[in-house]
Amino acid sequence: MEQYTAWKAMIIAGEPASTWQKFYVYFYQAFLENDRWQQYLNGVVTTLYVTALALLLGIVLGIIVAVVRTAHDQQLPGRHNPFLGVLNAILKIYVTVIRGTPMMVQLLIMGFVVFASSRNYVMVGALTLGINSGAYTAEIIRGGLMAVDQGQMEAGRSLGLNYADTMRFIIVPQAIKAILPALGNEFIVLLKDTSLISVIGGKELLYAARGVVSRTYEAMYPFLGAAFIYLVLVMLFTWLLGIFERRLRASDRR
Amino acid sequence: MIDVKNLSKSFGKLEVLKNVTEHIDKGECVVLIGPSGSGKSTFLRCLNLLETPTEGEVIFEGVTITDPKTDINKMRQKMGMVFQHFHLFPNMTVLKNITLAPVRTGLMSKEQAEQKARELLRRVGLEDKANSYPAQLSGGQKQRIAIVRALCMEPDVMLFDEPTSALDPEMVGEVLDVMKQLAKQGMTMVVVTHEMGFAREVASRVMFLDGGVILEKGTPEEIFTRPKNERLRSFLAKVL
């Protein structure tokens with residue numbers, strides 16, 4: 001602390017300082033002074049919280065959209081369900097609009113137009129990210145469902161199982177295994193996209209870093225620090241996904 | 001047992017089945033032969049509505065299954081089907097493959113289904129594979145399991161769609177043996193196959209399809225030794 005004050009005074013006065021001294025001062029200032037690390041930590045907690053909420057919402061939405069759209073497409077000719085037709089049309093519009101507009105624009109609209117009076121920026125952010133992620137997840141899941149051999153559906157149905165049971169026990173488990181890498185990718189994108197909610201005031205990790213920058217007028221360490229934390233988080237989840245994937249592959253072993 | 005009335009099926013402009021009328025009795029083993037694209041598989045798949053006929057009716061045990069109001073799942077429970085490419089469920093063990101349908105449709109309890117499955121597995125000589133996954137089995141083993149899976153539903157009729165066409169030659173025998181055994185026990189069977197030996201030995205009736213119509217039908221004796229139709233004669237000359 002005393003060393004920090006002394007060295008900082010040196011740097012401000014323009015006296016020559018060693019690389020170590022500069023590093024020490026800026027690092028201390030960015031992360032340790034006034035217990036700033038707590039702001040980053042709170043940011044990380046919010047980031048993970050938003051990611052978890054958005055992921056959950058995204059997967060639920062994704063499954064609904066994917067199953068409805070697949071069921072609609074797989075109807076026997078002459079046995080079309082009109083309710084399913086309407087639902088399918090609505091969901092198609094949802095996917096088109098969400099995929100057709102930038103994430104940032106969606107956040108600004110949700111934050112400053114739809115929920116303009118809300119102060120709960122984190123929830124608005126999580127909701128927006130979840131709705132956004134749902135559209136992409138839906139297409140990933142739909143792709144997975146369609147990639148399962150048509151013969152699997154025929155085999156299930158020929159045994160007298162109904163459509164829902166065949167989906168649940170035969171098609172979906174195989175689809176999940178196939179889409180896990182793509183889903184992991186979507187998860188990583190989502191985790192990093194939480195940084196966008198700082199534009200509507202969500203106090204996540206990047207918001208904390210920006211706060212420190214505006215107070216210290218030093219950009220490098222807070223932003224590099226934030227980048228490093230994101231990287232560590234992503235690497236951690238990649239590792240966990242790898243373990244999960246290996247477990248799902250148990251039935252492939254010969 | 002199965003009545004087919006004026007059955008037609010088109011894929012777009014292509015007419016695969018043209019106004020086929022046929023009757024299959026209980027206990028029969030009907031073998032369908034014919035060149036590829038003749039409509040044999042489509043005919044078979046129309047019997048349990050895996051293909052929806054464009055026109056005509058299929059009546060199974062007195063129920064018109066082509067009627068949209070019929071509960072097709074209930075009817076399919078009584079019609080076992082075996083596919084060319086087995087279509088075992090790769091995400092389940094052999095035992096789960098076999099017991100899934102009888103348990104989920106409420107036909108049997110889990111214990112009953114497992115007991116039945118093990119008994120059937122013993123009959124085809126694969127009782128030691130109950131806990132294996134399909135990826136660990138040979139083609140012949142997979143197909144025998146697929147037959148067991150269909151049999152475990154205690155169906156009234158078994159449909160075979162080229163069950164040996166995807167197998168290594170040395171594995172064809174083991175699958176045909178199981179089918180012969182089944183025919184001997186009086187199971188009603190409809191078989192699409194290129195195994196003329198099987199047709200000659202086991203079939204109670206052989207039908208020759210070409211261009212979406214049944215050109216000739218009769219006992220194996222009539223079809224193979226005294227073929228009347230010119231098209232059938234040239235077909236047999238090529239395959240025998």
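**Exercise 1. A salt bridge within one helix**

Task: In this predicted model, determine how the side chains of B:Lys110 and B:Glu114 meet, and where both residues lie in chain B.

Solution: The side chains of B:Lys110 and B:Glu114 meet in a salt bridge, with a distance of 3.4 Å from N to O, and this satisfies the cut-off of 4 Å for such a pair. Turning to the location, both B:Lys110 and B:Glu114 belong to helix H4 of chain B, residues 110-123, where they stand four residues apart, about one turn of the helix. For the surroundings, the relative accessible area of B:Lys110 is 51%, so this residue is exposed, since the class begins over 50%. B:Glu114 has a relative accessible area of 24% and is therefore partly exposed.

**Exercise 2. A salt bridge between two strands**

Task: Find which residue forms a salt bridge with B:Lys217, and state how many residues apart the two are.

Solution: B:Lys217 forms a salt bridge with B:Glu22, and the closest N and O atoms are 2.6 Å apart. The pair links distant parts of the chain, because B:Lys217 is in strand E10 of chain B (residues 213-218) whereas B:Glu22 is in strand E2 of chain B, 195 residues apart. The accessibility of each partner is then considered separately: B:Lys217, at a relative accessible area of 43%, is partly exposed, whereas B:Glu22, at 6%, is buried, given that buried means under 20%. Over all chains, the count comes to 19 salt bridges.

A further salt bridge of chain B joins B:Arg226 and B:Glu221, whose closest N and O atoms are 3.8 Å apart. Here B:Arg226 counts as partly exposed at 49% relative accessibility, and B:Glu221 counts as partly exposed at 47%. In chain A, salt bridges that share partners join A:Arg69, A:Asp73, A:Glu139 and A:Arg142 into one network.

**Exercise 3. The contact between the chains**

Task: Describe the interface of chain B and chain A by its residues in contact, its buried area and its salt bridges.

Solution: Begin with the residues, of which 32 in chain B are in contact with 25 in chain A. The size of an interface is often given as the accessible area lost when the parts come together. For chain B and chain A this buried area is about 2400 Å², and carbon and sulfur atoms give 56% of it.

Next come the specific pairs: there are two salt bridges between chain B and chain A, and one of them is formed by the side chains of A:Asp165 and B:Arg104, at 3.0 Å from N to O. The count of residue pairs in polar contact between the two chains, with both residues at pLDDT 80 or more, is five.

The side of chain B that touches chain A receives at least two residues from each of helix H2 (72-76), strand E6 (79-82), helix H3 (94-104) and helix H5 (139-151) of chain B. Sorted by class, that side of chain B has 18 nonpolar, nine polar and five charged residues.

**Exercise 4. Two aromatic pairs**

Task: Describe the aromatic pair of A:Phe27 and A:Phe31, and then that of B:Phe208 and B:Phe235.

Solution: The structure holds 12 aromatic pairs over all chains. A:Phe27 and A:Phe31 form a tilted pair, 4.9 Å from centre to centre and with 50° between the planes. Both residues lie in helix H2 of chain A (residues 19-32), four residues apart, about one turn of the helix. A:Phe27 is partly exposed, with a relative accessible area of 33%, whereas A:Phe31 is buried, with a value of 13%.

The pair of B:Phe208 and B:Phe235 is likewise tilted, at 5.3 Å centre to centre and 45° between the planes. This pair links distant parts of the chain, with B:Phe208 in strand E9 (residues 205-210) and B:Phe235 in helix H9 (residues 230-239) of chain B, 27 residues apart. Both B:Phe208 and B:Phe235 are buried.

**Exercise 5. Positive phi angles**

Task: State the phi of B:Glu154 and decide whether this residue is buried, partly exposed or exposed.

Solution: Most residues other than glycine have a negative phi. B:Glu154, although it is not a glycine, has a positive phi of about 50°. B:Glu154 is found in the loop between H5 and strand E7 (157-161) of chain B, and at 45% relative accessibility it counts as partly exposed. B:Asn19, also not a glycine, has a positive phi of about 50°, and B:Asn19 is found in strand E2 of chain B, residues 14-24.

Key: Residues numbered from 1 in each chain as written. Chains lettered and ligands numbered in written order. Predicted model: local features only at pLDDT ≥ 70, side-chain atom pairs only at ≥ 80, totals over all residues. Heavy atoms only, no water. Contact = heavy atoms within 4.5 Å. Buried area = accessible area lost by both parts, 1.4 Å probe. Polar contact = N/O pair within 3.5 Å; in protein donor to acceptor, adjacent residues only side chain to side chain. Nonpolar A, V, L, I, M, F, W, Y, C, P; charged D, E, K, R; others polar. Phe/Tyr/Trp six-rings, centres within 6.5 Å; stacked < 30°, edge-to-face > 60°. Buried < 20%, exposed > 50% of the residue type's maximum accessible area, 1.4 Å probe, protein only.
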